[in-house]
Amino acid sequence: MPAPLELYDNYTRTLRRFEPLHPGAPVGLYTCGPTVYDYQHIGNFRTFLFEDVLKRVLRWNGYDVRHVMNITDVGHLTSDADTGEDKMEKGARRTGKSAWDIAKLYTDDFLTQLARLNIEDATVLCRATDHIAEQIAFIADIERKGYTYKTSDGVYFDTSKQEDYGYLARLDIHGLEAGRRVELGEKRLPTDFALWKFSPPGEQRQMEWDSPWGRGFPGWHIECSAMAQEYLGDFFDIHCGGEDHIPVHHTNEIAQTEARVGTRLANFWMHGYFLLLNDAKMAKSAGEFLRLESLIARGYDPLVYRYLCLTAHYRTQMSFSWEAMDAAATALDRMRNGVFALPSDPNAAPDAAYLDRFTAEVNDDLNVPRALAVAWEVLRGDLAPAVKRATLLRFDEVLGLRLAQWQPAQEDVPPDVAAIAEARAAARTAKRWADADRLRAELAGRGWEMEDQPAGYRLKRRK
C-alpha cells in the first residue's frame, strides 16, 4: 500500500497526515504571490517552485487542486511596521512609469518566468486592486466585532484583543514589549498592524480609494485574508509562502481571520526556506539580486535552476553558487540524454515497485531530493529500457523537468558528413561491421561523433 501523504504544518509544528477538509472536492491551496514593484529574484522563485511541487504531489496522490495566488499591486509598505512608502509608488518613481503600468510590467514578467521554470498556472490569479470592496467589507466586519481602532494615519488591528496572537510564530509578545525600540507613533502595541492607511494630507496617491474611514488604501495583510476567503472559504486546506512571512504577514492573516470568522484560515501552514547568496538572504531590498534572466544570460537553461532547487528540501536553506549551477546543468543534461536514448513504447507501464518508492519519498513532506535519487536509480538500473522511460516520465509529473519534450540541439551537419553517417547506418543495419567501423573512423577524422540510439543515431561535433 502506498505511503500516506504527510506534510509539515508550521502552525502545530508537527508532521501531520494530510487529509482534505472536504473529501471529493478540490484541495484549497493559497500561495502568497509577488509584490509587483520590481522583478522577482531567484530566491522568490525557489518558494514558487516548492509550491509547484506541492501542487504536483497533491495531484500525484489523486487530488484535484484549486490554487489561488495573489498579486500584491498596492499596500505593501517598505517597512513591515506599517511605515515607509508604498512599494508600488516607490517603484513608479524609480522607473518613471505609473504605478498601474509597473504593476502590469512586473506581473507580465513574473508570469513569463513561471512558464520558463515550468511552474504551472494558478487556478485563480487575483490582484489586490481588483478586490478593494472585499477588503473594505472584511475590515468593516472586524470593526463591528471590536478589534480595531483609528489613528490619524489609518485603521489598525488591536492585537491585545487576542490572547493567542502570534501563535504561528510563537512570538514572545511580552518580550517584544519589554525590549521595543521602535517608534510606535499612535499605535498602541508594536504588534498592531494597519488594516487601512489614509492618504497623506495634501498628497494625491496614484492608487487610493474611498472607504468608510477615509480616502486611502488597504494594508498589506488584509488583501490575502480577503481574497483567500473569497475564493476558498473561511477554512481551507493549505496556505503557503516564504519563511519570512511567518512572524508578520501570515501571523496577521490568521489574526484577522480569527477576528472575523473564528478560524485560522488554513488547516496547514507551509513555508519555503530562503535561498542564500554568500550566506546572506537574497532580497531586493539589498539592491543586488539575481534574476532568472541573469542565469539565462550566462547560458543556463531555466530548468537547470529548477533541477538545482529539487536537490534541496524546501524546509532547508539552500546556498546558491555558480559551481552548484554547473553541477545541476551537468546532471540535468545526463538525465535528459539518458531518457532521450530510451525507446518509447505506448504499451510499456511504469514499474510498480519504483512508483511506490517514489511515492514514499514525495509523501514524506515532499522529500524531493530522495525522490530524485530514486529517479537516478531507475535510469542507471537494469529495468527494460521502455519500462525505464515510462517510469521516469511518470516521475516527471512531479519533477516537472519536461523530460518527454526535450531533444538534443540539432547541429548543422555538412552534406558530406551526413552522407557518411547514412552510409555507416546502412552498413550497421546490414551487419557489415568492418565497413561500419571504417566509416565511423572517417567521421571522427572530420571531427564528428556518431552516437547510436534505439531510434537511429545522433551526430555531434567532437570536443
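**Notes on the predicted model**

1. A good place to start is the β-α-β unit: strand 10, helix 7 (residues 246–261) and strand 11 make one, and it is right-handed. Bear in mind as you look that this is a predicted model.

2. Staying with that unit, strand 10 covers residues 236–242 and pairs with strand 11 in the parallel sense, over 6 bridges. If you want one pair to click on, try histidine 239, whose bridge partner in strand 11 is tryptophan 269.

3. Is strand 11 enclosed or open to the outside? Strand 11 runs over residues 266–272, and 7 of its 7 residues are buried, so the rest of the structure largely encloses it.

4. Now zoom out for the overall picture. The protein has 15 helices and 16 strands. Its C-alpha atoms fill a box of roughly 90 × 55 × 40 Å, taken along the principal axes. There are 463 residues in the protein, and 53% of them count as buried.

5. Next, helix 1. This helix takes in residues 42–60, which makes 19 residues, and spans 26 Å from its first C-alpha to its last; at 1.5 Å a residue, 27 Å would be expected, so the two are close. Helix 1 is mostly covered, with 18 of its 19 residues buried. After the helix comes glycine 62, which has a positive phi, near 95 degrees.

6. Helix 1 also matters for reading the empty space inside the model. How many cavities of 30 Å³ or more are there? The count comes to 4, and the largest cavity holds about 170 Å³ of space.

7. Which residues surround that largest cavity? Its lining has 16 residues, and Phe50, Val53, Cys309, Ala312 and Tyr314 are the ones nearest its centre. By class, the lining is made up of 11 nonpolar, 3 polar and 2 charged residues.

8. As for where the lining comes from, helix 1, helix 9 (302–310) and helix 12 (368–380) each supply at least two residues. Helix 1 gives the largest share, with 5 residues.

9. Have a look at strand 7 (residues 154–157) too. Gly154 and Tyr156 point one way from the strand, Val155 and Phe157 point the other way, and all are buried.

10. Strand 7 has two pairings to follow. The first is with strand 6 (residues 148–150): these strands run antiparallel and are joined by 3 bridges. Strand 6 and strand 7 form a hairpin, with 3 residues between them. In this pairing, threonine 148 has phenylalanine 157 of strand 7 as its bridge partner.

11. The other pairing is with strand 8 (residues 193–198), again in the antiparallel sense, and here there are 4 bridges. Tyrosine 156 stands opposite alanine 194 in strand 8. That is the tyrosine that shares its direction with Gly154 on strand 7.

12. Last, a single residue: leucine 392, in helix 13 (residues 385–399). Is leucine 392 buried or exposed? Buried means under 20% relative accessible area; leucine 392 has 2%, so it counts as buried. For a sense of distance, pick proline 201 as well: its C-alpha atom is separated from that of leucine 392 by 62 Å, and the two residues are 191 apart along the chain.

Definitions and conventions
Residues numbered from 1 in each chain as written. Predicted model: local features only at pLDDT ≥ 70, side-chain atom pairs only at ≥ 80, totals over all residues. Heavy atoms only, no water. Buried < 20%, exposed > 50% of the residue type's maximum accessible area, 1.4 Å probe, protein only. 1 Å grid on protein atoms, 1.4 Å probe; cavity = no way out; pocket = protein on both sides within 12 Å on 5 of 7 lines; lining within 4 Å. Points joined across faces, edges and corners; volume = space filled by probe spheres on them. Nonpolar A, V, L, I, M, F, W, Y, C, P; charged D, E, K, R; others polar. Pairing = 2+ DSSP bridges. Right-handed = clockwise from strand over helix to strand, strands pointing away.
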